Amino acid sequence: MTSWLPAHGSVPLCLLLCCLVVAVCAEASGAGPSECRSPSVTSCTDCLRRGPKCAWCFKEDFLDGAGLSHRCDLPENLRKRGCGAEYMEQSEIKVEVNATISSTQVSPGDISINLRPGSEANFIVAVKQLERYPVDLYYLVDVSASMQENLDHLKTVGVALSLRMTDYSSDLWLGFGSFVDKPVSPYINVHPSKINNPCSDYEIRCRPAHGFHHVLSMTGNTSEFTRVIKRQRISGNMDTPEGGLDAMLQAAVCQRAIGWRPDAKRLLLLMTDQPSHLALDSRLAGIVVPHDGLCHLENNVYTGSTMMDHPSLGQLFDKLLENHIYSIFAVEKQQFLWYKELVHLLPGSYLGRLGLFQAPNLIELVVDAYKRLLSEVAVSVSVEDKAVSRYWISVSPLCPEGSTAKDQSCSGVKPDQTVYFNITVGQRSCPEDGKDEDITVMVRPVGYNESTVVRIHSKCHCNCGPKAHCHDDNQSSCRGSQDGTNQEQRPSYGLIKDSISDPNKNCRADGSDVECSGRGVCECGRCLCEQSRLGTVYGKYCHIDDFACPYKGGLLCGGRGVCVSGECVCEDGWTGDSCGCPVSTATCRSPNGLLCSGRGRCVCGKCVCDDPQHSGDFCERCPACQSTCQSYWKCVDCHLSHGLAPKEAAQCNNTCALLVGYMDDVSGLAGEMWIQCMYISNDSCRYRFQTSSKSGQTQLHISTRPECLSSSRLVGTFLSVCALTVLCGLVVVAMSRLLLQKRGWSPEGAAEDGVYHGTGKDLSYIPTTNEKTVTYRRDRPPDHPVEMHIQVPKMPLGDSWQC
């Protein structure tokens, strides 16, 4: 640019910038270069990473002599340039549903998807809310000393809760477990007298502190549940927070020991009056090993309590979700706000606030939580940790009538209603090694014991199609030949057998002394074409390019086609040298449906009128044209000159390009489709005729009964008109004299008997009776001047003039 501008210093800078913008816009609006084509693309893998719409042509002689980057383009552009579909490597997005796996609540159960970087796939997961579920309810109770009174109230809950839940479930099973805290310092007093009996100072026998103790597996025997509760004793610890979250994770993952049923709704009820320890709190006790999320129960006692840290909230949520468990928190009102913040981080959880854990309150808490959790349907989508950064997921719920959508869930869902989740999975990139990978995505409705498994196969390298030629030097799998042999692939331009006499002979076209048409260099007997800013130069002798085509609107091929060998290959629906003409004639049809009003042809989407007198978008205007009737006068005159004889009608074929018929009376054809006309012949006879074009061809009907006037009748008419004119003149003169006499005006003179009788109008001009003094002066010698004074009174009003 710096070397080009000074040579054109006379050209305004703004004009140069405009030209540059036009060139850039022309390239950007072409057939996809801004989307797929890039000089940095040198392999099939690079091409497909440009986006899901890009394809790579591995045809051996495609754009012979052009750079590798031109093999990457939109499939339709490659096809127009001569690359068949069998020579294209392109992204294939495929979604397959395994219909053989049946499910009651969540469907489909298994989905397989093929993706490439930059592509995405969409599928629907349906979640049905059943009317009556079996219910498993596990009580996880804080048995520290402050919970003694609350523990006593549980003794009457079992039977009453079973009776209350019969309205919502026909099969309720109960389980029980207890927790305090990690049995290490500083959470408990490690004095030997305190380890076995933390309540020794109060002379009460307490059980030792423990992280989690599973007491009763799931059972439908409510009497057994009540018996176990009555045998429970409290324990004690040192600090205020308890180990509730640590115990919750064990209750969730130890499914066999707890006895969770696979087809039941699982509720985990945590009862406590204190907050819980969180991850990293165990460092106070020297425990730094993160929790592994596994079950560590031996003889129903949690053995990992003193070896692993408390679980994080994210880890706890994953385990609850993975094992299809709803969590319910029943806490004292002092800790309500602390657990309220906690529940927001554990979807599918419910928080209840109670003053005392009395039996009626606990029963209503469980029932309300059960109804609330069932009426809210949400899904959680998880990707394998190794690939979570390379994929993105979007979830949109489609809620049934009567429910409301919020984020990724529907609330207010009633039994037997189905919630649909529209899920989109997209791939951002491939692994660093560039190899294909298979990952699993789990779609889990929160609290449901069914889920959808999505198996994604990521395509990150090229298979090169059935011909195994993809011209990708970076991939060892792209080898073979057009005939199926296993020879090494050869690049799109490379070595060929040199000519012994003249190694550059193969680079010159027949009869030409210029190598590679002056647009490339000859290497090893093959032309390596130069690449222009305007487009691609290719061909055996670099004699073909894709920019020597007509431009329209500043765009190559009008932006509606591609340039192939100097000619525009237009997109569907367009034609012309520069793809500027629509194939459709819809723009040429007038409002009445006729093409150019029947007076022209449709050329390049516009009407070209056959008669230059016509104009307008549809040839509808003709200011210089005669009226409809006048345009047929020559035809009528021709037929009249031949006596309106049917045998002679053929003589007027050159004058009349229409159907002509004769009728005695044409008035019978009156109507909207006929135009009434009249022609006056040289003998002053009037001939009526009618014309119509409604039937698709113009028709003309001429009346054989002329309307003529005789010469004697014409003379009588002339004399009558003259007599009437004279009579009218005499009447006008008589009326004028009568009016003048009425006003007192005599035509013989203005005086009668010497007296003038003025009319009312004349009186307005008579002077008034005021007097005037007139002074006459005659000059005399200076010493004797003479003056004469005469008084002349004005004529009184009403006096007549006297002669």
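**Helix 5, three disulfides and the surroundings of Y420**

In helix 5, which spans residues 157-164, the buried residues are V157, G158, L161 and S162. These residues cover an arc of only 120° around the axis, which places them on the same side of helix 5. A general property of helices accounts for such a pattern: an α-helix has 3.6 residues a turn, so residues three or four places apart point the same way. The model described here is predicted.

The disulfides of the model were examined next. A disulfide was assigned where two cysteine sulfur atoms lie within 2.5 Å, and by this rule the count comes to 17 disulfides. Three of the pairs are described below, including the one formed by C516 and C527.

In the pair of C516 and C527, the sulfur atoms are 2.1 Å apart. The link is left-handed, with a value of -100° about the S-S bond. C516 is located in the loop between strand 22 (452-458) and strand 23 (520-523), whereas C527 belongs to strand 24 (residues 526-529), so the disulfide ties together parts that are eleven residues apart in sequence. C516 has a relative accessibility of 0% and therefore counts as buried. C527 is likewise buried, because its relative accessible area is 5% and the limit for a buried residue is under 20%.

A disulfide is also formed by C588 and C602, with 2.1 Å between their sulfur atoms. The torsion about the S-S bond of this pair is about 65°, so the disulfide is right-handed. C588 lies in the loop between strand 32 (581-582) and strand 33 (600-603), while C602 lies in strand 33 itself, so the pair ties together parts that are 14 residues apart in sequence. The two cysteines fall into separate classes of accessibility: C588 is buried, with a relative accessible area of 0%, but C602 is partly exposed, with a relative accessible area of 22%.

C638 and C652 are joined by a disulfide with an S to S distance of 2.0 Å. Its torsion about the S-S bond is about -95°, so this disulfide is left-handed. The pair links distant parts of the chain, as C638 is in helix 13 (residues 633-641) and C652 is in the loop between helix 13 and strand 35 (659-663), 14 residues apart. C638 is buried at a relative accessible area of 12%, and C652 is buried at 1%.

Accessibility was also computed for two further cysteines. C722 counts as partly exposed at 34% relative accessibility, and C728 counts as partly exposed at 43%. Both assignments follow from the limits applied, because a residue is partly exposed when its value lies between the buried limit of 20% and the exposed limit of 50%.

Finally, the surroundings of Y420 were considered. Y420 is placed in strand 20, which covers residues 418-427. The residue is partly exposed, with a relative accessible area of 39%. Separation along the chain and separation in space can be set side by side for Y420 and C399: the two are 21 residues apart in sequence, and their C-alpha atoms are 6.6 Å apart. When neighbours within four places in sequence are left aside, Y420 is in contact with I124, V125 and A126, and also with S396, P397 and L398.

Key:
Residues are numbered from 1 along each chain as its sequence is written. This is a predicted model: local features need pLDDT of at least 70, side-chain atom pairs count only at pLDDT 80 or more; totals for chains, interfaces and linings use all residues. Side-chain values use heavy atoms; hydrogens and water are left out. Helices (H or I, at least four residues) and strands (E, at least two) are DSSP runs, numbered from the N terminus. Buried means under 20% relative accessible area, exposed over 50%, partly exposed in between (1.4 Å probe, protein chains only). Contact means heavy atoms within 4.5 Å. The arc is that of the directions from the helix axis to the C-beta atoms.
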